[in-house]
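Me: I'd like a close look at one part of this model, with enough of the surroundings to place it. Could you walk me through it in one go?

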Amino acid sequence: MAEIVLDKVTKRYPDGALAASEVDIDIADGEFIILVGPSGCGKSTTLNMIAGLEDISSGELRIGGARMNEKAPKDRDIAMVFQSYALYPHMSVRENMAFPLRLAKVDDREVREKVDEAATILDLTNHLDRKPSNLSGGQRQRVAMGRAIVRSPKAFLMDEPLSNLDAKLRVQMRTSVSKLQKQLGTTTVYVTHDQTEAMTLGDRVVVLRGGYVQQVGSPQFLYEQPANLFVAGFIGSPSMNFFPASLADNRLNTPLGEVELTDRVRRLLEGKDAPREVIAGVRPEHFEDAGLLDEPTRSGGATFRAKVDVLESMGSDKYAYFTVEGEQAVSSELEELAADAGATEVPETGSQVVTRLSAASTATEGGTTELWFDRDKVELFDPSSGVNLTYSG
Amino acid sequence: MTMIGTATPRRKVQWSLLDLAVVIYALVPVLWIVSLSFKTKETLNDGNFIPRSWTLQSYIDIFQTTEFLRALVNSIGIALISTLIAVVIGTMAAYAVARLEFPGKRLLIGVSLLVAMFPQVSLVSPLFEIERALGLFDTWPGLILPYVTFGLPLAIYTLSAFFKEIPWELEKAAKMDGATPAQAFRRVIAPLAAPGVFTTAILVFILTWNDFLFAISLTSTEASRTVPAALSFFTGASQFEDPTGTISAAAVVITIPIIVFVLFFQRRIVAGLTSGAVKG
């Protein structure tokens, strides 16, 4: 067990492509940290550099205080779980799990004990003599985990370990991975592109974009205090709605109507050289059906009328989608997020807004409803730099 | 599934008939040779497919001449050594071709393809001169060298295809599990590549075993003459005697090692050995 420190770790490929740029992360002993971002953001490259499967171009990697840059993967004492599981097909489950121990020249009795112990933890005892080809996806995934835990390494590295499982199994395995990590208390670095996995698993989450760390923090912090447009749009499901807006005399003019800034927002904006034209972000859950609110709450926000295009009833909540006419919020970060979500394929006029209303809402599809949003929860971003102007962290 | 995959009784019969036709077509010349080898000298030219009178005389004859026995030893020795060298070097080269990016990789692949396609007959005269100058003419190395040369491209091409099938992540996993590159190769990659290695060995062995061109051009005595070449020097007991019987017997005998070789290695070629390594 050990802490892992990435000190300005950079990966530059011979062709000049920059996969990771000055990544600074301090991972505490026993911490579960998630690297998350859209494909091509450098999260897997960063993981491979920690593993030793890719060279570090510049910067330093320290595990347990010792410099690791030049060490071969086998000398770093870390275990890795691959997206494809990478089980050895010619070996039985037992042999697969025993492989790292055999390489470490552990004696037979101890190998047996450790493999049996790991098999018990992972509920694989009945499958020890089977070959990987005869196992189900979930079982294979557990064997891969087993191979990682048998030799009690300093740290676990996991490269999208659940992405090959079907949705239901993924949720189930997510809890068991989390439980296992807590039980073993081993430092874990986990790569995923799924923000739900990132939010539910990690002690802390590192959001990466184009090789640059965008923000590091606990899932709740990232949700409440996104440092920029990219993090704001990436974290949270459904994602935050963005509108072009303009600031004037402590009032914010949005396509949803003009609202007065709350004291909190006004204080945050002070001292920051906020431009007149900004991008306003409101999360779906900060909208509500105005008809359901009492007067004091209502006055804490702004109301507007909108024609609901689509209404999805989830039982516990209702998701109402409507379109705001006019220009869309434009920024390179939002374009990238849209591309990652595949949204560029859909031609749109105006911007689509998602709102999460309580189940009691009387909104109907195609009907016009009075909606409300919390003006204290509005986040404002600088359209040119993407910086969150209401960031207080 | 495609239509070919469905096994209705009608389809089975159709396929069986087709298979049978192909097998007969392929085997008739072989059976004809076998039949000739069992015929007595008198009935050799009678045109019967099944010999009227059976004899083992031709077989006894060839095994009594040192000419054939010596050639058989040469053939087996040269073919096995050539196969071994070509497969070992080919395995390493193919691994590099499949896995690594190195300067000149495309050139290497290009050159090996060129070697494989090069008309061997145009090389015979220069090789003859070179080998005579180097003292390699009519020796085992004198034949092993060209066989390895022509076996290697075949080995590299076949094996690199097999290596490409093995997921790279297995090797990364082995490294993470604490294996040195050599251990990763020996304990993970080699066992998985085994079917490919055996397939390649069979192909290279057959290639060298059947060669006639180099065998006849680069040998002059029993010291290194292989069976295909030796067969052409077979004569009857007297000048006027037809050696057809003995040639047929020898031809039958030299197919046996091929059959043994293939049967021996075929048991090791387990298809789909890599299934289950990754997701799926």
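What follows is a look at the interface of chain A and chain B, and then at some spots inside each chain.

Reply: Some ground rules before we start. Residues count from 1 along each chain as its sequence is written, and chains are lettered from A and ligands numbered from 1 in the order in which they are written. The model is predicted, with local features needing pLDDT of at least 70, side-chain atom pairs counting only at pLDDT 80 or more, and totals for chains, interfaces and linings using all residues; side-chain values use heavy atoms, with hydrogens and water left out.

Now the interface. Chain A puts 28 residues in contact with 24 residues of chain B, contact being heavy atoms within 4.5 Å. Between them the two chains bury about 2,300 Å², and 63% of that comes from carbon and sulfur atoms; buried area here is the accessible area (1.4 Å probe) that two parts lose on being put together, summed over both. On the chain A side, the residues that lose the most area to chain B are Lys74(A), Pro89(A) and Leu103(A), which together make up 24% of what that side buries.

What about charges? Across this interface there is one salt bridge, that is, a side-chain nitrogen of Lys or Arg within 4 Å of a carboxyl oxygen of Asp or Glu. The partners are Arg147(A) and Asp177(B), with their closest N and O atoms 3.4 Å apart. Polar contacts join seven residue pairs across the interface, both residues at pLDDT 80 or more. The rule asks for a pair of N or O atoms within 3.5 Å; within protein, one must be able to donate a hydrogen and the other to accept it, and residues adjacent in sequence count only if both atoms are side-chain atoms.

Which elements of chain A supply at least two residues each of the side that touches chain B? They are strand 6 (78-81), helix 2 (93-103) and helix 4 (137-149). Helices (H or I, at least four residues) and strands (E, at least two) are DSSP runs, numbered from the N terminus. Helix 2 of chain A gives the largest share of that side, with four residues. Sorted by class, the chain A side has 17 nonpolar, five polar and six charged residues. For that sorting, Ala, Val, Leu, Ile, Met, Phe, Trp, Tyr, Cys and Pro are nonpolar, Asp, Glu, Lys and Arg are charged, and the others, Gly among them, are polar.

Follow helix 2 of chain A onwards and you get to Lys105(A), in the loop between helix 2 and helix 3 (108-121). Lys105(A) has a phi near 60°, a positive value in a residue other than glycine.

Over to the partner. Chain B has eleven helices and zero strands, and its C-alpha trace spans about 70 × 65 × 30 Å along the principal axes. An automatic or database domain assignment gives chain B domain 1 (1-55) and domain 2 (64-279). Their centres, taken over C-alpha atoms, are 29 Å apart. Six residues of domain 1 of chain B touch seven of domain 2 of chain B, and the two bury about 540 Å², 76% of it on carbon and sulfur atoms. Ile33(B), Ser37(B) and Leu44(B) lose the most area on the domain 1 side, together 58% of what that side buries. Between these domains there are zero salt bridges and zero residue pairs in polar contact, counting pairs with both residues at pLDDT 80 or more. The touching side of domain 1 of chain B comes out as four nonpolar residues, one polar and one charged.

Finally, back inside chain A. Arg209(A) sits in strand 9 (residues 204-209). Beyond its neighbours within four places in sequence, Arg209(A) is in contact with Cys41(A), Gln214(A), Phe230(A), Ser332(A), Glu333(A) and Glu336(A). With Glu336(A) it forms a salt bridge, the closest N and O atoms being 2.9 Å apart. Because Arg209(A) is in strand 9 of chain A and Glu336(A) in helix 11 (residues 332-340) of chain A, this pair ties together parts that are 127 residues apart in sequence. One more backbone detail: the peptide bond from Ser237(A) to Pro238(A) is cis, with omega near -10°, and Pro238(A) is in the loop between helix 8 (229-234) and strand 11 (241-248) of chain A.
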